[in-house]
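Colleague: Could you take a close look at one part of this model for me? I'd like a connected picture of a single helix and what surrounds it.

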Amino acid sequence: MSHKVTTPVPPSAKRQEMLLLEREARKEAIERKGKNYRFWLFRRKLYHIVVVYALIIGLIGAIVFLWTNYILKYDWLSIDTVTLNSNGIFNAEQAFAVMGVGPQDNIFSIDASVLEQRLQKCPAIRRADVKYQVSSNPTLIVDIDARVPAAWIDCPELGIHPGDAKYGVLADKDGVMFPCMETVHMPYIQGKHLPSVSLRPPSSGQLSYGVSTRDLEAPMQLIELLSGAVSEFLPGIVSISTPNDWSFCVRFSNDCQATFSHYGLERQVDKLEQALEHARQTHRKINAINLIPEHNVPVLFDGAYEDIPLAEPIEE
């Protein structure tokens, strides 16, 4: 007797065989029905694709419509509070003007990074940071480190004159120049007697704003030294001129003119103080002094000066 051995077929193989049979049967049916049936299948797939894309586009359009016509126009989303942290140069209204926004703007329509870039492009601002928070009161938080005016720039060749609120140029203690913003700087410097610094016009024909200028480093350092000095003999600075690359001349409020070098300013200020103190004690007035030499400092006194003592009240 012969025994026939049958090996069982795995289920996965049966499924693959059934899929192949179905695919072949479908292929034969399509070929049998001809080109019209194939075109019908293609049209059905295309219809499904078009419907899906139409739904997506419609949904996006609805979101944009609701965002622009309703959400962005809600009054409760308008800027309600501005928190301004500054060093007293800019106020909130002036910061709004530089950023190009207003209290009526919607908080969601504001890009904080764009506003921050607008502030930092302003030469009168050293650093700026802008962010906002949405709560019961939408709040715009602005942090501004503005440049503090320390001197006027005098450059007649370029039409720049000290004290000109409209076209004037200011400089801070670091020697960085920036155009005078009348509504911003004039209220701040009102009552302050800022000195002027004369500059020779650059070869480019225009001043560089927002960057430190080498010609201003020593004059601005001297202004800062004298502004922090506590002495009855040191007068205030009226103007500074730079006739050459190795020295600059300073005219003081007592009509004294002093010549400084760009190096060793503290030593030269000490010499000036000693010379003014000595002139006071000897009842003389200094017209001009050259502080560059370390020894035998040249001094020119005013020969027509009369030291008239101040009247003192008499007690009866």
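How many disulfides does the structure hold? And once that is settled, which elements do the buried residues of α7 pack against?

Modeller: Happy to. This is a predicted model, so local features need pLDDT of at least 70 and side-chain atom pairs count only at pLDDT 80 or more, while totals for chains, interfaces and linings use all residues. Residues are numbered from 1 along each chain as its sequence is written, and side-chain values use heavy atoms, with hydrogens and water left out.

The structure holds zero disulfides, a disulfide being a pair of cysteine sulfur atoms within 2.5 Å. Two of its cysteines are buried: C155 has a relative accessible area of 0%, and C256 has one of 1%. Buried here means under 20% relative accessible area, exposed over 50%, and partly exposed in between (1.4 Å probe, protein chains only).

Now to the helix. α7 covers residues 265-281, 17 in number, and spans 24 Å from first to last C-alpha, close to the 24 Å expected at 1.5 Å a residue; that expectation is 1.5 Å times one less than the number of residues. Helices (H or I, at least four residues) and strands (E, at least two) are DSSP runs, numbered from the N terminus. The buried residues of α7 are L265, Q268, V269, K271, L272, A275, L276 and A279. Seen down the helix axis, they fall within an arc of 160 degrees, so they line one face of α7; the arc is taken from the directions from the axis to the C-beta atoms. The face turned away from that side carries the exposed residues E266, Q274 and Q281. After α7 comes H283, with a positive phi near 60 degrees.

What does the buried side meet? Those residues pack against α6 (214-227), β9 (247-252), β10 (257-261), β11 (286-290) and β12 (299-301), with contact meaning heavy atoms within 4.5 Å. From β10, S261 is in contact with Q268, among others. S261 counts as buried, at 11% relative accessibility.

F260 touches several α7 residues, including L265, Q268, V269 and L272, as well as L222. F260 and L222 have the most contacts inside the largest nonpolar core, which has 36 residues. Such a core is a set of buried Ala, Val, Leu, Ile, Met, Phe, Trp, Tyr and Cys residues joined through side-chain atoms within 4.5 Å. α7 is one of the elements that each supply at least two residues of this core, alongside α6, β9, β10 and β11 among others.

Notes
Lists of a residue's contacts leave out its neighbours within four places in sequence.
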